[in-house]
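Subject: Structure for you to look at

Hello,

Here is the structure I said I would pass on. Please open it first, then read the notes below with it on the screen.

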Amino acid sequence: MDYFAQQAINAIQLGSIYALIALGYSMVYGVLVMINFAHGDVFMVSSFFCLLLLLFLPVPFVAALIIVMLATAILGVAIERLAYRPLRNAPRVSAIITALGCGLIIQNTTLSLSPYSQRMPELFVPVTWNFAGVTVSSLQLLIIGVSVALMVALDFFIRRTRYGMAMRAIAQDRMTVPLMGIPVNTIIAMTFAIGAALGGAAGVLYASAYPVISATMGVLVGWKAFVAAVIGGIGSVRGAVLGAYVLGTVEVFTVTVLPSTYRDLVVYSLLLVILVFKPYGLLGRPAVQKV
Amino acid sequence: MTRWFRQPPPRGVLLTLLAAGLAACFVIEQFGLVDDYVRFVLITLGINIILCVSLNLVNGWMGEFSVGHAGFMALGAYLSACVSVKWLAWGDPLWMFPLAVIGGGLMAGAVGFLLGLLSFKTRGDYLAIITLAFLMIVKSGLENIPYVGGARGFLGIGNHTTLLWTAIWTALTLWAIRNLVYSRFGRGIVAVREDEIAANAMGVDTRKAKLAAFVVSSFFGGVAGALFAHQLQFINPGVFDIVKSTEILVMVYLGGVGSLAGSILGATVFTFLSQVLQPLGTWRMVILPLILVLLMLFRPRGIMGMREFPWFVPRREFPAKEDKK
């Protein structure tokens, strides 16, 4: 039972990080109907931003979180401006390929600059408590707390503010929205900025929880988050969060019954099964094709 | 001179060229006319052409987006390696190797059939995600099968991929896919790209067309994987990852979607470029995607997109006037 509770906390921690990344995939898909394959690598590079920052300027955790989120947001907007915006009216495949290409460029640039895994300096010294045999560290609580706070803020932003409303409007009908005086380009850039900033937060949290970072993290962790977004129903913000916690739970408990090498197999099989039986994910709306 | 290339070649020219090419490969191989490096690059070129043309069938002519081609390669590579190393190791490579290659192709084709079934319900982005999941499942599945070496890889594969075999399979792939896309049935595949619902309304069996495209494409993907395994003599699951798939995508979209000549061109440019850029190490994989992104921004359909070199087009496609004489 203790063991089970311990694993449950680990699952929530992992799920929270996945959720932050998955939100970036889902928001961009919701607004632009485009899979931003580069997002996983944006997450990866954000933890390298964090590393660089700490090497030159040992700032406290909150400052590091904010600076990295800002830097990552700028990167996200830059990618959108340079690579995706010119293709907005091009065939859909072109945009997907460009996203895949951007991801590879980021990943391999990082790999070329830092061929080996890097050890992260400790962002803060965690305190551990023991509740009836279950160990909880303040770091775990911090990760879960920061993630949940960001998710609640995002949900509020999308549902309650004018900008959030504009985003939902663009997701519904991109052709009509400019006629209502909504600056589409600004809102789309904002979507990328928020998505990337959340990825940046995930990068900082991930690097403090698992302090060895490498250039392949975008594939290993980022793509899992993508799977989470798809399982939840890509395009749906709440679905992304749900999918992330489902995935985190499945991953953590797979390792308790099977060798850890089976983790990817189980995760991607789950994805395939869900797509076959529920093609638009758990909370996604089916796309209606008009003739 | 240019008039020559605007019309189909005189009868028999293609066959003669093909025979001459195969004979040249045989002679080069037999008498060792080129050094090992050139031979290696030429074989890689052939394999890349097979991969590029076969992926082009799904991504170009049918207009879907598959990122799973490296998975089919992996299936073909592993099955053929099992045949040639474990099951028929006593056989003479002369008949055992083609059997291994065909076996690899059939294995990949069978799995391609299953993936084709999934493509009935889902299209576009979701199908791309399914192919991605397929790729990851194949890779991590192979890592967990100790019989084929697990994550450490499959060692001791014979060096059976000769220049001649590569040339024969390349020609076969080009021939099969040309005849498929210019056949009455193959037009259905192109119709799926243009508008699936309209195609259905016109009486095209889109399900059959999709299945055929997936099966043929994955069969030749598997063949390429088999040749690849017997060229490198060592494979591990890590080789067949998303980067490998992306390399094939670069070739397809560089050369041009829906074009045989484009596929050959794309594979050729890619093969030589990646050899030239070899000294750059990992920066090579920065430059190649950068080329892809720039290409998408400035020439989204690739060099030969949707156009074809007339020599690859069947004679009946041309106006009857030119066919006389």
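Start with helix α2 of chain B, residues 13-31. With 19 residues at 1.5 Å each, this helix should span 27 Å, and its end C-alpha atoms are indeed 27 Å apart, so the expected and computed values agree. Keep in mind that the model is a predicted one. How many of the 19 residues of α2(B) are buried? The count is one, so to speak of α2(B) as hardly covered is fair, given that a residue needs 20 or more other C-beta atoms within 10 Å to be buried. Just after α2(B) comes B:G32, which has a positive phi near 60°.

Now compare α6(B). Its 20 residues should span 28 Å at 1.5 Å a residue, and the end C-alpha atoms are 29 Å apart, which agrees. Of these 20 residues, 18 are buried, so α6(B) is largely enclosed by the rest of the structure.

The contact between the chains

Chain A puts 34 residues into the contact, and chain B puts in 32 residues. On the chain B side, α6 (124-143), α11 (242-255) and α13 (284-298) each supply at least two residues. Which of the elements gives the most to the side of chain B that touches chain A? That is α6(B), with eleven residues. Sorted by class, this side of chain B has 23 nonpolar, six polar and three charged residues.

The nonpolar core

In soluble globular proteins, nonpolar side chains tend to be buried together. Here the largest nonpolar core has 195 residues. Those with the most contacts inside this core are A:Y18, A:A22, A:I96, A:A201, A:A225, A:A228 and B:Y78. Take A:I96 as an example. Apart from neighbours within four places in sequence, A:I96 is in contact with A:M34, A:I35 and A:F37 from chain A, and with B:F65 and B:A128 from chain B.

Two helices that cross

In chain A, look at helix α5 (residues 138-160) and helix α6 (residues 162-172). Their axes come within 5 Å and cross at roughly 75°. Angles of 65 to 115 degrees count as roughly perpendicular, so α5(A) is roughly perpendicular to α6(A). Where they meet, α5(A) brings A:F157, A:I158, A:R159 and A:R160, while α6(A) brings A:G164, A:M167 and A:R168. By class, this contact has three nonpolar, one polar and three charged residues.

One of these residues, A:F157, is worth a second look. A:F157 sits in helix α5 of chain A and counts as partly exposed, because it has 15 C-beta neighbours inside 10 Å. A:F157 and A:S208 are 51 residues apart along the chain, and their C-alpha atoms are separated by 27 Å.

Two more residues in helices of chain A

A:Y245 belongs to helix α9 (residues 237-257) of chain A. Is A:Y245 buried or partly exposed? With 19 C-beta neighbours inside 10 Å, A:Y245 counts as partly exposed, because 20 or more would be needed for a buried residue. How far apart in space are A:Y245 and A:L14, which are 231 residues apart in sequence? From C-alpha to C-alpha the distance is 7.8 Å. Not counting residues up to four places away in sequence, A:Y245 touches A:G15 and A:A19.

A:I188 is in helix α7 (residues 184-209) of chain A. This residue is buried, with 23 other C-beta atoms within 10 Å. Leaving aside neighbours within four places in sequence, A:I188 is in contact with A:V31, A:L32, A:E80 and A:I170. A:I188 and A:Y116 are 72 residues apart in sequence, and in space they are 35 Å apart, C-alpha to C-alpha.

Two positive phi values

Most residues other than glycine have a negative phi. A:V33 is not a glycine, yet its phi is positive, near 50°. A:V33 is in the loop between α1 (2-32) and α2 (39-56) of chain A, and with 16 C-beta neighbours inside 10 Å it counts as partly exposed. B:Q233 is also not a glycine, and its phi is positive at about 65°. The place of B:Q233 is the loop between α10 (206-232) and α11 of chain B. B:Q233 is partly exposed, with 15 other C-beta atoms within 10 Å.

Regards

Key
Residues numbered from 1 in each chain as written. Chains lettered and ligands numbered in written order. Predicted model: local features only at pLDDT ≥ 70, side-chain atom pairs only at ≥ 80, totals over all residues. Contact = placed C-beta atoms within 7 Å. Helix = DSSP H or I, 4+ residues; strand = E, 2+ residues; numbered from the N terminus. Nonpolar A, V, L, I, M, F, W, Y, C, P; charged D, E, K, R; others polar. Expected span 1.5 Å × (residues − 1). Buried ≥ 20, exposed ≤ 12 C-beta atoms within 10 Å, placed from the backbone. Core = buried A, V, L, I, M, F, W, Y, C linked by C-beta atoms within 7 Å. Axes fitted to C-alpha atoms, helices over the stretch in contact; angles between N-to-C directions. Parallel < 35°, antiparallel > 145°, perpendicular 65-115°, else oblique.
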